[in-house]
Amino acid sequence: MARAPKPQPMREAIAESLWSHVKDYDLAEFCERLGLAAQREGEEPGRSKRGYVKARLNLLGLHELVPIARALLAEWDDEDLQDLVDRAGALGVAGELRNLIFASNGSKPKIVLRDALANTLEITENGHTCLIYDRPLPEEGLTWGALVRWWATEKLHETNLHVAGHHLYMRLLDSLDEGPERMVLWTYARRYGLPDGDAAAALLPQVYLHYDPYLRPDPERRPDVVWRQRMDFLLLLPGRRRVVIEVDGRQHYATSDGKASTSRYAQMVREDRRLRLAGYEVYRFGGAEFRDADGGRGTLEEFFSRLIDNPPTGL
């Protein structure tokens, strides 16, 4: 697992990013919007923009710096800052895992909050179309071995973990469409010895991140709609690191008649920003990357190698 960067390089990168992208006369107000200290009497941000920012970051730790960095990356691209944020991915998402609803292979389930105090959910319709993992998430994340043991105990009442592993793998595969999505799971399984592997992280398909029960024919007509309710894949890695993998088909950027849609693309990148600001890592693949099967598998092999096996070592 990658070591998180030290706070000082993150402070330097934030100051450099603001120096590059924010005008002198906008800097004080911009810093305030980030939650940093207001301009003090006698200070002149234009005299030393980097110094002005660093003075406000000096006492902040990494957990306070990362949200600021993510806020900047939501405004503009910065490769150096992005690299540090990616390396800090092990800081992960705040809060405890409560309900993991995944492997949806049919109609959308209907969910009610049975006990609001305990955050207990109950699926009242179409419960057979998805799986719910509700065990505590350990510090090492959710491994394939832990998922298989849950499946064997809770679903199959089976003591043979080899049988349970193969049965679970086929159930996950059933939740994916033929083509690129299945190639992602196949490639991952082959690389890490699934369905018999144990220590590898579980690659979870079709995971509900949001649940919006208020269905409308036209969601644009109501505010604060949750556009992306399901993720293609999720990895729950050590240190609360949560990695989202999306495989983009035409529906992500075009209308049903195949015409490019700037509004669909804007919705997609807006949801990506929301996830990143919440602490998730988001990686996208274009469907065209998988037109050639061998090339697609090679792309995925390299991706998983850099993401899991040989991540950056940090600073």
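Select helix 6 (residues 144-156) and helix 7 (residues 161-174): their axes come within 9 Å of each other and cross at roughly 95 degrees. The model you are viewing is predicted. An angle of 65 to 115 degrees counts as roughly perpendicular, and helices 6 and 7 are therefore roughly perpendicular to each other.

Now show the side chains at this crossing. On helix 6, display Trp144, Leu147, Val148, Arg149, Trp151, Ala152 and Leu156. On helix 7, the residues that make the contact are Leu161, Ala164, Gly165, His167, Leu168, Tyr169, Arg171 and Leu172. Colour them by class, and the contact of helix 6 with helix 7 shows eleven nonpolar, two polar and two charged residues.

Next, go to the loop between helix 8 (180-191) and strand 5 (203-208), and select Pro195 there. Add Leu194 to the selection: a cis peptide bond joins Leu194 and Pro195, with omega at about 10 degrees.

From that loop, step into strand 5 and pick Gln206, which is placed in this strand. What is the sign of phi at Gln206? The value is positive, near 50 degrees, in a residue other than glycine. Is Gln206 buried or exposed? Buried means under 20% relative accessible area; Gln206 has 6%, so Gln206 is buried.

Then move to Ala103, in the loop between strand 1 (100-102) and strand 2 (110-115). Ala103 is a residue other than glycine with a positive phi, in this case near 55 degrees. Switch on a surface for the chain and look for Ala103: its relative accessibility is 0%, so Ala103 counts as buried.

Finally, clear the selections and view the whole chain in cartoon style. How many helices and strands are there in the chain? The chain has ten helices and eight strands. Of its 315 residues, 44% count as buried; Ala103 and Gln206 are among the buried residues. Turn the surface on again for the full chain: about 17100 Å² is exposed, and carbon and sulfur atoms supply 49% of that area. To see how the sequence is brought together, draw the contacts between residues at least 6 apart in sequence; 63% of these contacts join residues at least 24 apart.

Key. Residues are numbered from 1 along each chain as its sequence is written. This is a predicted model: local features need pLDDT of at least 70, side-chain atom pairs count only at pLDDT 80 or more; totals for chains, interfaces and linings use all residues. Side-chain values use heavy atoms; hydrogens and water are left out. Axes are lines fitted to C-alpha atoms, for helices over the stretch in contact, and angles run from 0 to 180 degrees between N-to-C directions. Helices (H or I, at least four residues) and strands (E, at least two) are DSSP runs, numbered from the N terminus. Angles under 35 degrees count as roughly parallel, over 145 as roughly antiparallel, 65 to 115 as roughly perpendicular and the rest as oblique. Contact means heavy atoms within 4.5 Å. Ala, Val, Leu, Ile, Met, Phe, Trp, Tyr, Cys and Pro count as nonpolar, Asp, Glu, Lys and Arg as charged, and the others, Gly among them, as polar. Buried means under 20% relative accessible area, exposed over 50%, partly exposed in between (1.4 Å probe, protein chains only). Accessible areas come from the Shrake-Rupley method with a 1.4 Å probe; for residues, only the protein chains shown count as cover.
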